[in-house]
Amino acid sequence: MVSRCFWHEEVRPVGQKWPCVPVMQRDELFSSWLIRCALCNACDAVEMARYIWPKRRIWTGDCDLGICSLCLSDLQDRSGISAAAFIRSSLVPICVSMGLKLPPVGITPWVLSLGGRNLRRAGGLQYCPCCFAESPFYRLQWRLAWYTCCPDHGVKLRDSCPHCSAVISPHRLDYRVPNLARCHQCAGLLSAVDVQDAGADEIELIRQANLILQGRSVGLNWPAMPVAEGFSFLKGLFRLVRVLAASPSVAGKRFLAALDVDNASLTPAVNVGLKLECLSNSERSHLLSTVSRILLAGADRFQVAAESAQLCPSIRDAVAGTGQSYLAQLLPQRPHRGYAKTLPASCLSPRSPCSVLKAWLRFERKMLRAEGHW
Ligand SMILES: [Zn+2]
Ligand SMILES: [Zn+2]
(Lines give C-alpha, C1' and ligand atoms only; values in the text may rest on other atoms or scores of the structure.)
(Ligands and ions follow the chains in the order given, each with its own letter.)
Protein backbone atom coordinates (compact mmCIF):
# COMPACT_ATOMS: atom_id res chain seq x y z
CA MET A 1 0.00 0.00 0.00
CA VAL A 2 1.34 3.41 -0.97
CA SER A 3 1.39 5.93 1.87
CA ARG A 4 -0.69 8.95 1.02
CA CYS A 5 0.98 12.25 0.51
CA PHE A 6 -1.01 14.97 2.26
CA TRP A 7 -0.59 18.42 0.77
CA HIS A 8 -2.67 20.43 3.22
CA GLU A 9 -5.11 19.91 6.06
CA GLU A 10 -8.84 20.59 6.11
CA VAL A 11 -9.65 24.31 6.57
CA ARG A 12 -12.89 25.51 8.21
CA PRO A 13 -14.14 29.04 7.54
CA VAL A 14 -14.15 31.48 10.47
CA GLY A 15 -16.29 34.65 10.52
CA GLN A 16 -17.46 34.33 6.91
CA LYS A 17 -19.75 36.94 5.33
CA TRP A 18 -21.25 34.77 2.61
CA PRO A 19 -24.33 32.73 3.60
CA CYS A 20 -22.67 29.46 2.68
CA VAL A 21 -18.96 28.65 2.63
CA PRO A 22 -17.90 25.01 2.19
CA VAL A 23 -15.12 23.51 4.31
CA MET A 24 -11.94 23.25 2.26
CA GLN A 25 -11.32 19.51 2.30
CA ARG A 26 -7.94 17.97 3.04
CA ASP A 27 -5.84 17.96 -0.18
CA GLU A 28 -8.54 19.89 -2.06
CA LEU A 29 -7.42 21.98 -5.02
CA PHE A 30 -8.09 25.73 -4.74
CA SER A 31 -10.17 25.84 -7.96
CA SER A 32 -12.28 22.90 -6.73
CA TRP A 33 -13.14 24.72 -3.49
CA LEU A 34 -13.87 27.97 -5.40
CA ILE A 35 -16.35 26.21 -7.71
CA ARG A 36 -18.04 24.44 -4.79
CA CYS A 37 -18.27 27.78 -2.96
CA ALA A 38 -19.99 29.36 -5.99
CA LEU A 39 -22.42 26.43 -6.41
CA CYS A 40 -23.48 26.36 -2.77
CA ASN A 41 -24.36 30.06 -3.12
CA ALA A 42 -26.49 29.28 -6.22
CA CYS A 43 -24.00 30.97 -8.50
CA ASP A 44 -21.83 29.53 -11.26
CA ALA A 45 -18.04 29.66 -11.01
CA VAL A 46 -17.63 32.18 -13.85
CA GLU A 47 -20.10 34.61 -12.27
CA MET A 48 -18.52 34.23 -8.83
CA ALA A 49 -15.02 34.91 -10.22
CA ARG A 50 -16.30 37.97 -12.13
CA TYR A 51 -17.75 39.29 -8.88
CA ILE A 52 -14.50 38.84 -6.91
CA TRP A 53 -12.06 39.78 -9.68
CA PRO A 54 -14.03 42.00 -12.10
CA LYS A 55 -10.96 42.78 -14.22
CA ARG A 56 -9.73 39.20 -14.51
CA ARG A 57 -10.95 36.13 -16.38
CA ILE A 58 -9.45 33.49 -14.14
CA TRP A 59 -11.05 30.45 -15.82
CA THR A 60 -9.37 31.14 -19.16
CA GLY A 61 -6.04 30.38 -17.47
CA ASP A 62 -4.88 28.10 -14.69
CA CYS A 63 -5.78 29.75 -11.37
CA ASP A 64 -4.21 26.90 -9.39
CA LEU A 65 -0.83 27.83 -10.87
CA GLY A 66 -1.35 31.59 -11.15
CA ILE A 67 -2.99 32.21 -7.75
CA CYS A 68 -0.20 34.58 -6.62
CA SER A 69 -1.23 37.07 -9.30
CA LEU A 70 -4.75 37.29 -7.79
CA CYS A 71 -5.71 39.70 -5.02
CA LEU A 72 -7.06 37.32 -2.36
CA SER A 73 -8.03 39.84 0.35
CA ASP A 74 -11.66 40.19 -0.77
CA LEU A 75 -12.10 36.43 -1.05
CA GLN A 76 -10.47 36.00 2.37
CA ASP A 77 -12.81 38.54 4.03
CA ARG A 78 -15.98 37.09 2.54
CA SER A 79 -15.17 33.40 2.88
CA GLY A 80 -13.48 33.41 6.29
CA ILE A 81 -10.61 31.32 4.89
CA SER A 82 -7.12 32.84 4.93
CA ALA A 83 -5.16 33.77 1.81
CA ALA A 84 -2.33 31.57 3.11
CA ALA A 85 -4.70 28.57 3.16
CA PHE A 86 -5.75 29.31 -0.44
CA ILE A 87 -2.12 29.35 -1.54
CA ARG A 88 -1.44 26.08 0.30
CA SER A 89 -4.28 24.51 -1.68
CA SER A 90 -2.84 25.70 -5.01
CA LEU A 91 -0.02 24.19 -7.06
CA VAL A 92 2.40 26.93 -5.97
CA PRO A 93 3.98 25.12 -2.96
CA ILE A 94 4.72 22.00 -5.00
CA CYS A 95 6.20 24.09 -7.86
CA VAL A 96 8.40 25.87 -5.32
CA SER A 97 9.60 22.57 -3.84
CA MET A 98 10.40 21.27 -7.33
CA GLY A 99 12.48 24.41 -7.93
CA LEU A 100 10.25 25.66 -10.76
CA LYS A 101 10.07 29.27 -11.81
CA LEU A 102 6.99 31.24 -10.83
CA PRO A 103 4.86 32.78 -12.19
CA PRO A 104 4.58 29.96 -14.68
CA VAL A 105 5.19 30.64 -18.37
CA GLY A 106 4.00 28.07 -20.90
CA ILE A 107 3.81 24.48 -19.77
CA THR A 108 4.94 23.92 -16.18
CA PRO A 109 7.01 20.74 -15.85
CA TRP A 110 5.12 17.88 -14.17
CA VAL A 111 1.87 19.88 -13.89
CA LEU A 112 -0.81 18.69 -16.30
CA SER A 113 -1.61 21.38 -18.85
CA LEU A 114 -5.22 22.57 -19.09
CA GLY A 115 -4.68 23.96 -22.61
CA GLY A 116 -7.70 25.04 -24.59
CA ARG A 117 -9.11 28.46 -25.27
CA ASN A 118 -11.52 30.68 -23.37
CA LEU A 119 -13.55 28.45 -21.06
CA ARG A 120 -12.83 25.28 -23.05
CA ARG A 121 -10.05 22.96 -21.97
CA ALA A 122 -7.97 20.35 -23.73
CA GLY A 123 -7.37 18.23 -20.62
CA GLY A 124 -5.31 18.49 -17.48
CA LEU A 125 -7.82 17.61 -14.74
CA GLN A 126 -8.31 14.03 -13.57
CA TYR A 127 -10.48 12.37 -10.96
CA CYS A 128 -10.84 9.04 -9.20
CA PRO A 129 -14.38 7.59 -9.59
CA CYS A 130 -14.13 5.90 -6.16
CA CYS A 131 -12.96 9.08 -4.36
CA PHE A 132 -15.75 10.97 -6.16
CA ALA A 133 -18.37 8.45 -5.01
CA GLU A 134 -17.27 9.13 -1.41
CA SER A 135 -16.79 12.89 -1.68
CA PRO A 136 -16.89 14.80 -4.98
CA PHE A 137 -14.06 17.33 -4.96
CA TYR A 138 -10.79 17.52 -6.91
CA ARG A 139 -7.58 16.54 -5.12
CA LEU A 140 -4.39 18.52 -5.66
CA GLN A 141 -2.37 15.46 -6.70
CA TRP A 142 -4.69 14.78 -9.64
CA ARG A 143 -3.07 17.71 -11.47
CA LEU A 144 0.39 16.12 -11.28
CA ALA A 145 1.68 14.20 -14.29
CA TRP A 146 2.97 11.20 -12.30
CA TYR A 147 -0.51 10.50 -10.85
CA THR A 148 -2.19 8.23 -13.37
CA CYS A 149 -4.10 6.26 -10.75
CA CYS A 150 -5.46 6.55 -7.23
CA PRO A 151 -3.18 4.68 -4.80
CA ASP A 152 -5.94 4.69 -2.14
CA HIS A 153 -8.43 2.77 -4.29
CA GLY A 154 -6.03 1.08 -6.72
CA VAL A 155 -7.97 2.29 -9.77
CA LYS A 156 -7.06 4.40 -12.78
CA LEU A 157 -7.89 8.10 -12.75
CA ARG A 158 -10.16 9.41 -15.51
CA ASP A 159 -9.67 12.61 -17.52
CA SER A 160 -12.97 12.63 -19.40
CA CYS A 161 -16.64 12.06 -18.70
CA PRO A 162 -17.50 8.32 -18.83
CA HIS A 163 -20.86 9.10 -20.48
CA CYS A 164 -20.16 11.80 -23.13
CA SER A 165 -16.31 11.85 -23.21
CA ALA A 166 -16.22 15.61 -22.50
CA VAL A 167 -12.97 16.92 -21.02
CA ILE A 168 -13.42 17.40 -17.26
CA SER A 169 -14.33 21.09 -16.84
CA PRO A 170 -16.11 21.68 -13.51
CA HIS A 171 -15.80 25.48 -13.86
CA ARG A 172 -18.51 25.21 -16.56
CA LEU A 173 -21.09 23.56 -14.26
CA ASP A 174 -24.48 25.23 -14.18
CA TYR A 175 -25.41 27.15 -11.01
CA ARG A 176 -28.40 24.83 -10.46
CA VAL A 177 -26.27 21.74 -9.77
CA PRO A 178 -25.57 21.16 -6.09
CA ASN A 179 -21.99 19.87 -6.27
CA LEU A 180 -19.11 18.65 -8.46
CA ALA A 181 -20.40 15.09 -8.84
CA ARG A 182 -21.80 15.59 -12.36
CA CYS A 183 -20.42 16.30 -15.84
CA HIS A 184 -20.85 19.91 -16.99
CA GLN A 185 -21.97 18.75 -20.44
CA CYS A 186 -24.30 15.74 -20.02
CA ALA A 187 -25.00 15.98 -16.25
CA GLY A 188 -24.05 12.30 -15.91
CA LEU A 189 -22.62 11.13 -12.58
CA LEU A 190 -18.82 11.05 -12.92
CA SER A 191 -18.55 8.26 -10.35
CA ALA A 192 -20.97 6.03 -12.31
CA VAL A 193 -18.38 4.11 -14.32
CA ASP A 194 -16.85 0.64 -14.33
CA VAL A 195 -13.51 1.33 -12.73
CA GLN A 196 -10.28 0.03 -14.24
CA ASP A 197 -7.70 -1.51 -11.94
CA ALA A 198 -4.41 0.39 -11.73
CA GLY A 199 -1.24 -1.40 -12.76
CA ALA A 200 1.31 -2.23 -10.04
CA ASP A 201 3.94 -0.21 -11.93
CA GLU A 202 1.93 3.01 -12.02
CA ILE A 203 1.20 2.76 -8.30
CA GLU A 204 4.92 2.14 -7.73
CA LEU A 205 5.84 5.20 -9.80
CA ILE A 206 3.73 7.41 -7.53
CA ARG A 207 5.64 6.06 -4.54
CA GLN A 208 8.97 6.67 -6.30
CA ALA A 209 8.07 10.22 -7.42
CA ASN A 210 6.84 11.10 -3.94
CA LEU A 211 10.19 9.92 -2.48
CA ILE A 212 11.98 12.15 -5.02
CA LEU A 213 9.71 15.02 -3.96
CA GLN A 214 10.97 14.54 -0.41
CA GLY A 215 14.59 14.60 -1.63
CA ARG A 216 14.97 10.92 -0.72
CA SER A 217 16.44 8.02 -2.68
CA VAL A 218 14.13 5.57 -4.43
CA GLY A 219 16.51 2.81 -3.23
CA LEU A 220 18.42 0.18 -5.25
CA ASN A 221 21.54 2.32 -5.32
CA TRP A 222 19.83 5.26 -7.00
CA PRO A 223 21.26 8.29 -5.19
CA ALA A 224 19.24 10.82 -3.19
CA MET A 225 19.21 14.10 -5.08
CA PRO A 226 17.99 17.64 -4.53
CA VAL A 227 14.31 17.69 -5.55
CA ALA A 228 14.78 19.69 -8.77
CA GLU A 229 17.59 17.41 -9.91
CA GLY A 230 15.58 14.32 -8.98
CA PHE A 231 12.69 15.40 -11.20
CA SER A 232 15.00 16.26 -14.08
CA PHE A 233 16.44 12.72 -13.71
CA LEU A 234 12.91 11.29 -13.80
CA LYS A 235 12.13 13.38 -16.89
CA GLY A 236 15.33 12.07 -18.49
CA LEU A 237 14.16 8.47 -17.91
CA PHE A 238 10.80 9.39 -19.44
CA ARG A 239 12.60 10.78 -22.52
CA LEU A 240 14.68 7.61 -22.76
CA VAL A 241 11.57 5.40 -22.69
CA ARG A 242 9.89 7.61 -25.25
CA VAL A 243 12.86 7.49 -27.62
CA LEU A 244 13.10 3.69 -27.27
CA ALA A 245 9.35 3.34 -27.91
CA ALA A 246 9.34 5.69 -30.89
CA SER A 247 12.44 4.24 -32.57
CA PRO A 248 12.67 0.54 -31.74
CA SER A 249 16.16 -0.87 -32.28
CA VAL A 250 17.98 -4.09 -31.49
CA ALA A 251 20.17 -2.25 -28.94
CA GLY A 252 17.10 -0.67 -27.32
CA LYS A 253 15.32 -4.03 -27.05
CA ARG A 254 18.43 -5.64 -25.57
CA PHE A 255 18.71 -2.80 -23.04
CA LEU A 256 15.06 -3.06 -21.95
CA ALA A 257 15.13 -6.85 -21.78
CA ALA A 258 18.14 -6.66 -19.44
CA LEU A 259 15.98 -4.53 -17.12
CA ASP A 260 13.01 -6.96 -17.27
CA VAL A 261 10.89 -4.57 -19.34
CA ASP A 262 8.53 -6.31 -21.71
CA ASN A 263 9.36 -4.90 -25.13
CA ALA A 264 6.04 -5.95 -26.61
CA SER A 265 4.16 -3.75 -24.14
CA LEU A 266 6.11 -0.64 -25.16
CA THR A 267 4.28 0.70 -28.17
CA PRO A 268 5.00 4.16 -29.57
CA ALA A 269 2.67 6.89 -28.30
CA VAL A 270 0.40 8.28 -30.98
CA ASN A 271 0.98 11.86 -29.88
CA VAL A 272 4.73 11.78 -30.26
CA GLY A 273 5.00 15.56 -30.51
CA LEU A 274 3.22 16.42 -27.27
CA LYS A 275 4.98 17.00 -23.98
CA LEU A 276 4.38 14.66 -21.05
CA GLU A 277 2.18 17.30 -19.37
CA CYS A 278 -0.19 17.35 -22.39
CA LEU A 279 -0.59 13.59 -22.80
CA SER A 280 -3.78 11.75 -21.89
CA ASN A 281 -3.93 9.57 -18.80
CA SER A 282 -3.57 6.34 -20.80
CA GLU A 283 -0.51 7.54 -22.75
CA ARG A 284 1.21 8.76 -19.59
CA SER A 285 0.45 5.61 -17.64
CA HIS A 286 1.87 3.46 -20.45
CA LEU A 287 5.22 5.31 -20.62
CA LEU A 288 5.58 6.07 -16.90
CA SER A 289 4.96 2.41 -15.96
CA THR A 290 8.06 1.56 -17.98
CA VAL A 291 9.99 4.32 -16.18
CA SER A 292 8.96 2.70 -12.90
CA ARG A 293 10.21 -0.73 -14.04
CA ILE A 294 13.58 0.78 -14.98
CA LEU A 295 13.84 2.37 -11.52
CA LEU A 296 12.97 -0.99 -9.94
CA ALA A 297 15.87 -2.62 -11.76
CA GLY A 298 18.30 -0.40 -9.81
CA ALA A 299 21.17 1.88 -10.77
CA ASP A 300 23.80 -0.88 -11.10
CA ARG A 301 21.79 -3.02 -13.52
CA PHE A 302 20.87 0.11 -15.46
CA GLN A 303 24.51 1.03 -15.99
CA VAL A 304 25.54 -2.51 -16.98
CA ALA A 305 22.57 -2.84 -19.36
CA ALA A 306 23.29 0.52 -21.02
CA GLU A 307 26.95 -0.40 -21.47
CA SER A 308 26.39 -3.89 -22.85
CA ALA A 309 23.49 -2.92 -25.14
CA GLN A 310 25.68 -0.27 -26.81
CA LEU A 311 22.93 2.29 -27.01
CA CYS A 312 23.50 4.83 -29.74
CA PRO A 313 25.22 8.06 -28.48
CA SER A 314 22.38 10.14 -29.90
CA ILE A 315 20.03 8.49 -27.37
CA ARG A 316 22.30 9.74 -24.60
CA ASP A 317 22.10 13.24 -26.07
CA ALA A 318 18.31 13.00 -26.39
CA VAL A 319 17.69 11.95 -22.79
CA ALA A 320 20.23 14.09 -21.02
CA GLY A 321 18.69 17.41 -22.04
CA THR A 322 20.85 20.37 -21.25
CA GLY A 323 23.82 20.08 -18.95
CA GLN A 324 25.49 17.03 -17.52
CA SER A 325 22.70 15.31 -15.64
CA TYR A 326 23.12 12.28 -13.42
CA LEU A 327 21.42 10.15 -16.06
CA ALA A 328 23.95 11.19 -18.73
CA GLN A 329 26.73 9.99 -16.45
CA LEU A 330 25.15 6.53 -16.25
CA LEU A 331 24.93 6.13 -20.01
CA PRO A 332 28.07 5.03 -21.87
CA GLN A 333 30.10 7.88 -23.28
CA ARG A 334 31.35 7.24 -26.75
CA PRO A 335 32.54 9.78 -29.28
CA HIS A 336 30.19 10.45 -32.17
CA ARG A 337 31.27 8.78 -35.35
CA GLY A 338 32.36 11.21 -38.02
CA TYR A 339 29.59 10.65 -40.47
CA ALA A 340 30.11 11.80 -44.05
CA LYS A 341 27.71 14.56 -44.87
CA THR A 342 24.94 13.06 -46.96
CA LEU A 343 21.40 13.93 -47.75
CA PRO A 344 18.96 12.66 -45.12
CA ALA A 345 17.26 9.41 -46.08
CA SER A 346 13.89 11.20 -46.02
CA CYS A 347 14.99 13.27 -49.05
CA LEU A 348 16.00 10.21 -51.03
CA SER A 349 12.96 7.99 -50.65
CA PRO A 350 9.24 8.52 -49.97
CA ARG A 351 8.19 8.32 -46.32
CA SER A 352 6.29 5.27 -45.14
CA PRO A 353 2.48 5.53 -44.73
CA CYS A 354 2.96 4.88 -40.99
CA SER A 355 5.31 7.84 -40.52
CA VAL A 356 3.03 10.12 -42.55
CA LEU A 357 0.06 9.03 -40.41
CA LYS A 358 2.02 9.71 -37.23
CA ALA A 359 2.98 13.18 -38.42
CA TRP A 360 -0.64 13.88 -39.39
CA LEU A 361 -1.99 12.74 -35.99
CA ARG A 362 0.60 14.94 -34.26
CA PHE A 363 -0.40 17.93 -36.35
CA GLU A 364 -4.11 17.29 -35.78
CA ARG A 365 -3.67 16.98 -32.00
CA LYS A 366 -1.64 20.20 -31.86
CA MET A 367 -4.27 22.07 -33.88
CA LEU A 368 -7.08 20.81 -31.65
CA ARG A 369 -5.23 21.90 -28.51
CA ALA A 370 -4.43 25.27 -30.03
CA GLU A 371 -8.03 25.89 -31.05
CA GLY A 372 -9.56 24.46 -27.89
CA HIS A 373 -11.97 22.23 -29.79
CA TRP A 374 -11.89 19.59 -27.06
ZN1 LIG B 1 -9.59 7.20 -5.11
ZN1 LIG C 1 -20.66 14.00 -19.78
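## Opening question: D174

Is D174 buried or exposed in this structure? The model here is a predicted one, and in it D174 is exposed, because just 10 other C-beta atoms lie within 10 Å and a residue with 12 or fewer counts as exposed. Its place is the loop that runs between β2 and α7. Along the chain, D174 and A42 are 132 residues apart, yet their C-alpha atoms are separated by 9.2 Å.

## The overall picture

Let's step back to the whole protein. It has 15 helices and 2 strands, and 40% of its 374 residues count as buried. Among contacts with a separation of 6 or more, 67% join residues that are 24 or more positions apart.

## Helix α1 and the loop between β2 and α7

A good place to see such a pairing is L39, which sits in helix α1. L39 is buried, since 23 other C-beta atoms lie within 10 Å of its own. In sequence, L39 and Y175 are 136 residues apart; in space, their C-alpha atoms are 5.5 Å apart. Setting aside residues up to four places away in sequence, L39 touches L173, Y175, V177, P178 and N179.

V177 turns up again in the surroundings of R182, a residue of the loop between β2 (155–156) and α7 (200–213). If neighbours within four places in sequence are left aside, R182 is in contact with V177, A187, G188, L189 and L190. R182 has 21 C-beta neighbours inside 10 Å and therefore counts as buried. P170 lies 12 residues from R182 along the chain, and the C-alpha atoms of the two are separated by 8.4 Å.

## How α8 meets α10

Now to the helix pairs. Two packed helices are described by the angle between their axes and the distance between the axes. For α8 (residues 227–246) and α10 (residues 281–297), the axes come within 9 Å and cross at roughly 115°. The two helices, α8 and α10, are therefore roughly perpendicular to each other, and α8 passes α10 in a right-handed crossing.

From α8, the contact draws on L234, L237, F238, V241, R242 and A245, while α10 supplies L287, L288, T290, V291 and I294. Sorted by class, the residues where α8 meets α10 are 9 nonpolar, 1 polar and 1 charged.

## Helix α9 and its partner α11

Which residues of helix α9 are buried? In this helix, spanning residues 250–258, they are G252, F255 and L256. Seen down the axis of α9, these buried residues fall within an arc of 95°, so they line one face of the helix. The elements that cover them include α8 and α11 (299–309).

The packing of α9 with α11 has an angle of about 155°, and the axes are 9 Å apart. That makes α9 and α11 roughly antiparallel to each other, because the angle is over 145 degrees. As for handedness, α9 passes α11 in a right-handed crossing. On the α9 side, A251, R254, F255 and A258 take part, and they meet R301, A305, A306, S308 and A309 in α11. This contact of α9 with α11 has 6 nonpolar, 1 polar and 2 charged residues. F255 thus appears both among the buried residues of α9 and in the contact with α11.

## Positive phi angles

A few backbone angles deserve a look while you have the structure open. Just after α9, D260 takes a positive phi of about 65°. For D27, phi is near 70°, a positive value in a residue other than glycine.

Where along the chain is D27? D27 is placed in the segment before α1 (30–40). Its 21 C-beta neighbours inside 10 Å mean that D27 counts as buried. N221 also has a phi near 70°, positive in a residue other than glycine, and its place is in the loop between α7 and α8. With 12 C-beta neighbours inside 10 Å, N221 counts as exposed, whereas D27 counts as buried.

Definitions and conventions. Residues numbered from 1 in each chain as written. Chains lettered and ligands numbered in written order. Predicted model: local features only at pLDDT ≥ 70, side-chain atom pairs only at ≥ 80, totals over all residues. Helix = DSSP H or I, 4+ residues; strand = E, 2+ residues; numbered from the N terminus. Buried ≥ 20, exposed ≤ 12 C-beta atoms within 10 Å, placed from the backbone. Contact = placed C-beta atoms within 7 Å. Axes fitted to C-alpha atoms, helices over the stretch in contact; angles between N-to-C directions. Parallel < 35°, antiparallel > 145°, perpendicular 65-115°, else oblique. Left-handed = near helix turned anticlockwise from the far one by under 90°. Nonpolar A, V, L, I, M, F, W, Y, C, P; charged D, E, K, R; others polar. Arc of directions from axis to C-beta.
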